Amino acid sequence: MNMDYVLMGRKIWMERKKQGLTQKELAALLNISFSFYGHIERGTRKMSLQTFANICEILDINANDLLSVGNESTLTPPPSGFAQPDQHIEKVYIYIADLRK
C-alpha cells in the first residue's frame with residue numbers, strides 16, 4: 001500500500017486552519033520543530049506513529065480520515081470566508097504530487 005503523504009498533509013493543513021492554529025502553535029503542541037511540521041503538511045517527510053496519533057488527538061480527527069486515499073470529502077472544507085491557500089501554495093502541492101508519480 002502506497003501512502004499519499006501529500007494528500008495526508010493537505011488534510012492536516014485543512015483541519016489545522018479550521019481550528020485557527022498556526023504551524024508554529026501545532027508544532028509546539030506536538031513537541032516537534034516548526035520546520036519538520038512544515039514538511040509533514042507538504043508531504044515531504046514521514047512522521048512517526050506517535051506524531052501521527054498526536055495530530056489526530058490534538059486536531060480531533062479520525063486516523064482513518066487521514067489515511068484514506070481518494071476520499072478527500074471525509075473532511076469538511078474550511079468555513080466560508082476562511083482564508084484559502086493562495087495559488088502559489090496550491091501549485092507547490094501539485095508540483096510535489098506530480099514528482100511523486
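Which helices do the buried residues of α2 pack against? Some notes on this one, with the answer in point 3.

1. **Overall layout.** Keep in mind that this is a predicted model. The protein chain is built from six helices, with zero strands. Going along the sequence, you simply read α-α-α-α-α-α. Of the contacts with a separation of 6 or more, 66% link residues 24 or more positions apart.

2. **Inside and outside.** The chain has 101 residues, and 35% of them are buried. Its accessible surface is about 6400 Å², with carbon and sulfur atoms making up 53% of that area.

3. **α2 and its neighbours.** To come back to the opening question, the buried residues of α2 pack against α1, α3 and α4. The residues concerned are Leu 26, Ala 27 and Leu 30. They fall within an arc of 100° when you look down the axis of α2, so they line one face of the helix. Turn to the other side of α2 and you find Lys 24, Ala 28 and Leu 29 exposed. That puts a leucine on each side: Leu 30 is buried, while Leu 29 is exposed.

4. **The end of α2.** Have a look at Asn 31 as well. This residue comes just after α2 and takes a positive phi of about 60°.

5. **The largest nonpolar core.** This core has 16 residues, and those touching the most other members are Ile 12, Tyr 37, Met 47, Ile 55, Leu 59 and Leu 66. Two or more residues come from each of α1 (5–18), α2 (23–30), α3 (34–42) and α4 (49–59). Which helix gives the most to this core? That would be α4, with four residues. As general background, nonpolar side chains in soluble globular proteins tend to be buried together.

6. **Ile 55 up close.** If you want one residue to click on, try Ile 55, which is among the core members touching the most others. Leaving aside neighbours within four places in sequence, Ile 55 is in contact with Ile 12, Leu 30, Ile 40, Met 47, Asp 60, Ile 61 and Leu 66. One of these partners, Leu 30, is a buried residue of α2.

7. **Rings and charges.** What sits over the ring of Phe 34? It is the charged end of Lys 24, 5.4 Å from the ring centre. Lys 24 is also one of the exposed residues of α2 mentioned above. As for aromatic pairs, the structure holds zero.

Key. Residues numbered from 1 in each chain as written. Predicted model: local features only at pLDDT ≥ 70, side-chain atom pairs only at ≥ 80, totals over all residues. Heavy atoms only, no water. Core = buried A, V, L, I, M, F, W, Y, C linked by side-chain atoms within 4.5 Å. Buried < 20%, exposed > 50% of the residue type's maximum accessible area, 1.4 Å probe, protein only. Contact = heavy atoms within 4.5 Å. Phe/Tyr/Trp six-rings, centres within 6.5 Å; stacked < 30°, edge-to-face > 60°. Lys NZ or Arg CZ within 6 Å of the ring centre and 35° of its normal. Arc of directions from axis to C-beta. Areas by Shrake-Rupley, 256 points an atom, 1.4 Å probe, with all protein chains shown as cover.
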